[in-house]
Amino acid sequence: MNEKYDSEQRTSGYFLAGRTMTFLPVGASLFASNIGSGHFIGLAGSGAGFELNASYVLVILGWVFLPVYIKTDVFTMAEFSKKRFGGDRIRLYQTVLALILSIFTKISVDLYSGAIFLNQALGWNMYVSVIALVALAAVFTIGGGLSDVIWTDFIQTIIMIISYVRVGG
């Protein structure tokens with residue numbers, strides 16, 4: 001079979017869950033990925049206004065930029081930059097920058113706040129909690145792929161919304 005086709009098929013399956021997802025689970029996954037344990041523990045009051053304003057930017061992204069990305073048949077921002085500006089340097093730079101920023105601004109905060117939760121709820125050591133969270137995320141992501149992650153986020157969104165309504169938010 002064609003090697004380029006196999007590569008594109010793998011990329012599509014990894015980034016787009018094989019193009020089998022509908023709007024509802026994808027939207028819920030975006031919500032759950034954006035609103036996580038860091039918001040519940042560290043940003044409960046101060047983050048609300050920021051997140052409301054971010055929703056306007058997300059709508060603009062969906063209405064203005066998404067059609068451009070679909071038309072150019074790209075899956076990532078780095079791939080779009082390579083097609084738009086040429087060369088691999090900008091793609092590599094964006095990929096490394098996104099990875100570093102994600103590790104230091106999102107993943108570390110989520111792991112720490114998740115460890116605090118497990119420490120308070122179950123009495124686990126903080127380091128054991130972080131290792132357990134990383135192992136669980138790896139099992140879901142590697143074992144089931146993006147579609148399993150999306151469905152897990154979908155269930156998480158339902159739980160967050162029910163919890164918000166029950167608390168009287």
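Thr157 lies in helix H7, which covers residues 126-167. The structure is a predicted model. With a relative accessibility of 6%, Thr157 is classed as buried, because buried residues have under 20% relative accessible area. The points below take up Thr157 in helix H7, then helix H6, and then a surface patch that includes a residue of helix H4.

**Thr157 and its surroundings**
- Helix H7, formed by residues 126-167, contains Thr157.
- Neighbours within four places in sequence aside, Thr157 makes contact with Ala28, Phe31 and Ala32.

**Helix H6**
- Helix H6 takes in residues 89-122, a run of 34 residues.
- From its first C-alpha to its last, helix H6 reaches 46 Å, which is close to the 50 Å expected at 1.5 Å a residue.
- A bend of about 40° occurs in H6 at Ile103.
- Ser113, Gly114, Ala115 and Leu118 are buried residues of H6.
- After H6 comes Gly123, which has a positive phi, near 75°.

**The nonpolar surface patch and helix H4**
- Leu58, Val59, Ile60, Leu61, Trp63, Val64 and Phe65 make a nonpolar patch of about 740 Å² on the surface.
- Val64, one of the residues of this patch, belongs to helix H4, which spans residues 47-71.
- The relative accessible area of Val64 is 47%, so Val64 counts as partly exposed: this class lies between buried, under 20%, and exposed, over 50%.

Methods:
Residues numbered from 1 in each chain as written. Predicted model: local features only at pLDDT ≥ 70, side-chain atom pairs only at ≥ 80, totals over all residues. Heavy atoms only, no water. Patch = residues over 30% accessible without salt bridge, like charges linked within 9 Å, V, L, I, M, F, W, Y side chains within 5 Å. Areas by Shrake-Rupley, 256 points an atom, 1.4 Å probe, with all protein chains shown as cover. Salt bridge = Lys/Arg side-chain N within 4 Å of Asp/Glu carboxyl O. Helix = DSSP H or I, 4+ residues; strand = E, 2+ residues; numbered from the N terminus. Buried < 20%, exposed > 50% of the residue type's maximum accessible area, 1.4 Å probe, protein only. Contact = heavy atoms within 4.5 Å. Expected span 1.5 Å × (residues − 1). Bend = angle between axes of the 7 residues up to and from the residue.
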